[in-house]
Amino acid sequence: MDKIIIRGGKPLFGEVNIGGAKNAVLPIMAATVISPGHYNLTNVPNLRDTRTMAELLRVIGAKVEYNNHKMEIDSTTCNNPVAPYDLVKTMRASFDILGALISRFGYAEVSMPGGCAWGPRPVNYHIDALKKLGAHLNLDHGNIIASGKLTGNEIKFKFPSVGATKNALMAAVKANGKTIIRNAAREPEIDTLVDFLNLLGAVITGKSTSTLMIEGVNALDDNLDFEIIPDRIEAGTFLIAAALIGGEITLTGVNPNHLSAVINKLKASGTEVIIFENKIKVCASKEIKAVDMTTAPYPEFPTDLQAQWMALMTKCTSSVTIIDEVYFDRFTHVAELSRLGANIKLERNVATVTGIDTLIGAPVMSTDIRASASLILACLAADGESEISRVYHIDRGYENIEKKFQKLGADINRISN
Ligand code: EPU
């Protein structure tokens with residue numbers, strides 16, 4: 001298993017280019033199944049998760065080619081509406097395929113995703129939404145079996161779930177009649193799925209609002225070229241990195257509009273942030289002011305940057321509270337950050353972080369994608385040497401993260417075993 005070795009304390013300088021969004025491309029890859037056709041996706045990041053989704057599409061019968069951030073998908077050959085446990089268990093987003101499969105075949109067999117490193121992560125909203133559209137659902141040997149001809153209806157989510165909104169959208173585009181999704185998620189990754197589906201001939205209105213309206217159509221078009229939006233979480237990770245580690249860096253290939261909540265918090269922490277059309281320049285300040293943070297659905301501060309924000313606050317001037325309102329259990333990084341000397345107390349979903357002057361390098365362990373990112377940041381800011389194990393987690397969501405940090409002047413190396 002690969003390890004990352006870091007010698008901390010070197011400030012960051014230079015430019016870093018941000019890749020395409022993992023959480024945008026995964027549902028779009030799934031959506032290519034809805035209508036048999038040829039799809040050319042650009043700005044596709046080379047990640048473990050995109051490779052897993054490509055594998056899943058091949059199991060379903062699609063042809064998928066990937067080269068240099070371009071992906072060609074031929075979904076005309078799809079003939080097997082089954083997403084097996086082996087793939088779904090490694091990546092929860094495989095469950096995004098459920099809505100696409102039932103839309104195409106009127107039948108889908110998708111393994112239940114189970115839990116993940118930080119808790120159970122249920123799929124009840126996805127299932128209730130499909131039932132509202134008239135699907136019959138059964139659980140057999142850990143697989144959800146969904147079947148039936150779908151009819152538009154009103155769906156109201158208790159919480160604006162990103163995944164359930166995606167599945168409901170994909171199921172509804174070819175349903176008979178009109179569907180209304182209330183309390184829909186408003187993340188940029190939902191907007192881009194709406195754009196993709198509308199360009200294919202779907203009729204979806206209400207983009208960027210919590211009410212999405214879908215007029216079902218009989219068929220969609222059969223080919224599309226589509227560019228994936230920049231990854232706001234990778235961008236946010238580098239913004240926070242510069243604020244914590246020190247120096248001055250410029251992010252290119254970003255959409256600053258998707259990062260307003262994060263930029264506002266960074267400014268409150270004393271960090272200088274200068275926004276251009278698709279660039280952001282960030283200059284660290286000498287001291288990091290204490291800034292409380294609570295995660296919530298978009299446009300609020302994203303849960304996917306909670307761990308990185310906590311790494312930043314380990315060196316703040318006083319104490320802060322960090323609350324995760326999206327995932328109550330997403331705190332596996334707390335114990336690892338504490339190994340570097342961070343002063344963090346955790347009660348349920350509320351972490352109290354008291355800043356210290358110096359983090360000290362240590363061996364630490366990755367537990368999930370974003371927890372791993374926070375450890376990289378903290379180790380880069382720490383005095384001395386750190387070793388991060390189980391880095392396969394980070395490869396799920398960040399392409400060549402160590403190379404990007406090396407280019408900014410950091411002393412970070414991967415050791416492959
Ligand atoms: N929830 C339910 N029932 C459901 C679905 C969700 O109770 O049927 C709850 C969840 O337990 C959670 C909340 O609703 O408390 C929000 O979950 P959501 O469905 O919005 O999350 P998701 O679609 O499973 C996506 C991202 C996550 C990101 C969340 C929140 C993808 C592939 N994943 O997950 O990204 O944290 O939205 O923004 O888009 C990551 O990239 O590291 C990651 C975990």
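**Exercise 1. Which residue stands opposite Asn40 in S5?**

Before starting, note that this is a predicted model, where local features need pLDDT of at least 70, side-chain atom pairs count only at pLDDT 80 or more, and totals for chains, interfaces and linings use all residues. Residues are numbered from 1 along each chain as its sequence is written, and side-chain values use heavy atoms, with hydrogens and water left out.

Solution.
- Step 1: Find strand S3 (residues 38-42) and strand S5 (residues 70-74), which run antiparallel and are joined by 5 bridges. Strands here are DSSP runs of E with at least two residues, helices are runs of H or I with at least four, and both are numbered from the N terminus. Two strands count as paired if DSSP finds at least two bridges between them.
- Step 2: Go to Asn40 and look across: you land on Glu72 in S5.

**Exercise 2. Work out how strand S4 is placed against S5.**

Solution.
- Step 1: Strand S4 (residues 63-67) pairs with S5 in the antiparallel sense, over 5 bridges.
- Step 2: Pick Val64 and you'll find Ile73 of S5 opposite.
- Step 3: Now check the link: S4 and S5 make a hairpin with 2 residues between them, and Asn68 in that turn has a positive phi of about 50°.

**Exercise 3. Find the two bridge partners of Ile4.**

Solution.
- Step 1: Start with strand S1 (residues 3-7), which is joined by 5 bridges to strand S24 (residues 411-415), running antiparallel. There, Ile4 faces Arg414.
- Step 2: S1 also pairs with strand S23 (residues 385-389), again antiparallel, over 4 bridges. In S23, Ile4 has Ile388 as its bridge partner.

**Exercise 4. Describe what surrounds the ligand.**

Solution.
- Step 1: There are 23 residues around the ligand, and Asn124, Ser161, Gly163, Asp304 and Val326 come nearest. A residue is near a molecule or strand if one of its heavy atoms lies within 4 Å of it.
- Step 2: Sort the shell by type: 10 nonpolar, 6 polar and 7 charged. Nonpolar means Ala, Val, Leu, Ile, Met, Phe, Trp, Tyr, Cys and Pro, charged means Asp, Glu, Lys and Arg, and the others, Gly among them, are polar.
- Step 3: See where the shell comes from. Helices H1 (22-31), H5 (124-132), H6 (162-172) and H12 (369-381) each supply at least two of its residues. Domain 1 (3-19 + 230-415) and domain 2 (22-216) each give at least three; the domain bounds come from an automatic or database assignment.

**Exercise 5. Which polar atoms lie by the ligand's oxygen atoms?**

Solution.
- Step 1: Use the polar contact cut-off: a pair of N or O atoms within 3.5 Å.
- Step 2: Asn23 brings a polar side-chain atom to 3.0 Å from a ligand oxygen. From the backbone, a polar atom of Pro122 is 3.3 Å from a ligand oxygen, and an N or O atom of Tyr125 is 2.8 Å from one.
- Step 3: Check the cover: the protein hides 88% of the 830 Å² of accessible area that the ligand has on its own (Shrake-Rupley method, 1.4 Å probe).

**Exercise 6. Where is the cis peptide bond?**

Solution.
- Step 1: A cis bond joins Tyr298 and Pro299, with omega about 15°.
- Step 2: Place Pro299 in the loop between strand S18 (293-295) and helix H10 (306-313).

Technical notes
A polar contact is a pair of N or O atoms within 3.5 Å; within protein, one must be able to donate a hydrogen and the other to accept it, and residues adjacent in sequence count only if both atoms are side-chain atoms.
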